[in-house]
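This report describes selected strand pairings and a surface feature of one protein chain. Please consult the sequence and the structure shown below while reading.

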Amino acid sequence: MTQINKLRHSLRAILVVAIFFHLAALCHAQIAELTFQNEQSQQCIAIVNALERNHFTGKKLDKNMSVRVFDRYIKSLDPGRHLLTQADLSAFQPLKQLMYKYLKTGNLGPAFDIFNRYQSRSEQRLEYILELVKSWQTQIDFTKNETLVIDYEHKPFIRDTSGLKPLWKKELKNHIINLKINKTPDDEISETLEKIYANRLSRLTQTQSRDVFQIFMNAVTMSFDPHSQYFAPRLSEDFDIHMKLSLEGIGAVLQNEYEYTKVVRLIPKGPADKSRKLAPGDKIIGVGQGRDGEIKDTIGQRIDDVVRQIRGPKDTFVRLKIIPARKSSATATISIKRDKVKLEEQSARKKVVDLTANGRSYKLGIIEIPNFYIDFDAYHKGDPDYKSTTGDVTKLLTQLKKEKIDGLIIDLRDNGGGSLKEANDLTGLFLKYGPTVQVKTKFRVSRLYDEDPKIVYTGPLMVLINRMSASASEIFAGAIKDYHRGLIMGTRSFGKGTVQELKPLGDGRLKMTSAKFYRVSGQSTQHKGVEPDIWFPRIYRTQDTGESALDGALLWDHIDATRYSAYTSLQPMIRLLDDAYKKRAETSFGIKYLAQRIQLAESLSEQKKLSLNLGERLKTDADFNQKELALENNYRKQKGEKPLATLDDIDPEKEEIKEILTDQAKYIAADFITLSRKTGYKWQ
């Protein structure tokens, strides 16, 4: 080692020690116990009364709900089951069935007692880990064949406090292994760990009474259903910002899952969607500013704090450290350029595709609809040219008819919904008249109708959906299916079949589920979503995405069908179309590639434990990367393209998976057009 390198190494070591002692000094003070305020007690009573009066389910806070609130509160505090013990839970057991009484009288004392136990244990854990970080290179054996349970749902709580430190040591060991897999030098590992855990301890000291109240109240609201939520004054402001179209960020919908911030879905044509670097199911564990800004740990942070770090001015970069959904045993760091979600990119667009199949040529129209949008200001002012999904699609259909298309594909993949009015009006473009959706509240069932007998397009219609097609997309797809107006292709949709209202409540606001959507056939879109007539390979894990992945999601049910005039059933034709598709899929290298990708991702994602043997983990990671690269290169070879040297060489702009499935949809469309003509199907 040269003298200069020795000097650099010494300076780095001094800097690491200085940072550690500075941060440790900031947060070494004993964390004070927190107590609730009188105004929080009154707000608690108001929240409980509003939920019991107005929530769609009609649930009441009783002994059964009391248990649910208690369990959800414990889970929200200690999702990894590494702080509280069985002994703690036994001590809190008398509170479990009495929580409803405390809530109705505004007595938040028991909730704060539980939180203070959790807070104290968190402090002990972080101080223990910070002490261990000083000597991890000699204190931790990376050759031992230990494992760490990562299946939190089925992981038991440790019996008592004597078992906690061995678990905490394993968790630190796993953190170090992840850093080593990412090729972080040992001296940088020490610096990184000291910053992360000292900052977590510092954040712990900043916890206030309002934070406890927020956590506990959401344990209450989300015991009714996962979309009901209390927004404290600061969060209420964030909600307003989130709802404005001018929001500048990356275009991702996030939620808490355990100690992580999980990506629920990406806004179509937003910065994250266009980057191809982030996907639904990915977990964000760190955020950095700029192209090379330091990644700051976000594990255990409130989601509003994480969102603030991700949000920022247009044309600036944000760096995210993630646990990819496709490879949950490793981490990755990505960079995304912030931007506004441009209205023109959110608009419906068309293209015409020429296809040769079945011994003849076909002209197919494809209309992609990223969301269901409407300019409400212009609409309410009576502007006849207000911008909307239905208005834009009407113009596109007029153009496509002039081009004499043989059939039409409406692409709703990744469309997260939007205006209910637009879902109804868009459905009306393809039907003569009749109801399109039923909306049930606690008190009555109402219906939305297409009252215009004019049909804008009467030809063969196909609708493409996937797991990210939600809400208004499901209403449209469900109506098209129930009326036998068209063919639904893809995978099961999201399953978001509930309606939320936002009500002022003191200084905050309460978002509460007030109604549920039902198809004209009486089936709910909730939880199950809409099932396609022809199933494509799924590219999103249902365990990680969709309504059914939400803890406590309302279940599927049905009501009476309403009166509607359906076209002739497509079922006999669907069987023939499905058989033809499956036969083609057997020889499609694109479909085989998708199936192999899914299988490879599942092999890691379904792990219940992680090895803590460094050599074994490095080998597992290298094997996975090698298999993934071989899979990509085999697919490229089939297409006549040059092989990749590394996975980093993949072009993020290419939508390979979508295009593979779009190609399959085109051939199904050709079969559908041919069969409908042979059998005389009409949609007049």
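Which residue of E5 is the bridge partner of Ala252? The partner is Leu266. The model discussed here is predicted.

## The hairpin of E4 and E5

Strand E4 spans residues 252-257 and strand E5 spans residues 260-266. The two run antiparallel and are joined by 6 bridges, including the one that pairs Ala252 with Leu266.

Between the strands of this hairpin lie 2 residues. At Tyr258, the backbone adopts a positive phi near 55°.

## The open mixed sheet

An open sheet is built from 6 strands, arranged in the order E11-E12-E13-E16-E17-E20 with mixed pairing. Strand E11 (349-357) and strand E20 (534-535) occupy its edges; each has a single partner strand, so one side of each lacks a neighbour in the sheet. In general, the strands of a sheet pair through backbone hydrogen bonds, in either a parallel or an antiparallel manner.

Within this order, E13 stands beside E16. Strand E13 (residues 407-411) runs parallel to strand E16 (residues 461-465), and 4 bridges connect them. One residue pair that can be located here is Ile410 with its bridge partner in E16, Val463.

## A negative surface patch

Four aspartates, Asp375, Asp377, Asp383 and Asp385, gather on the surface as a patch of negative charge.

Asp383 belongs to the loop that lies between helix H15 (376-380) and helix H16 (389-402). Its relative accessibility is 33%, and Asp383 therefore counts as partly exposed, a class that lies between the limits of 20% for buried and 50% for exposed.

How values were computed: Residues are numbered from 1 along each chain as its sequence is written. This is a predicted model: local features need pLDDT of at least 70, side-chain atom pairs count only at pLDDT 80 or more; totals for chains, interfaces and linings use all residues. Side-chain values use heavy atoms; hydrogens and water are left out. Two strands pair if DSSP finds at least two bridges between them. Patches are made of residues with over 30% relative accessible area and no salt bridge: like charges are joined within 9 Å, nonpolar side chains (Val, Leu, Ile, Met, Phe, Trp, Tyr) within 5 Å. Accessible areas come from the Shrake-Rupley method with a 1.4 Å probe; for residues, only the protein chains shown count as cover. A salt bridge is a side-chain nitrogen of Lys or Arg within 4 Å of a carboxyl oxygen of Asp or Glu. Lys and Arg count as positive and Asp and Glu as negative; His and the chain ends are not counted. The place of a charge is taken as NZ of Lys, CZ of Arg, CG of Asp or CD of Glu. Buried means under 20% relative accessible area, exposed over 50%, partly exposed in between (1.4 Å probe, protein chains only).
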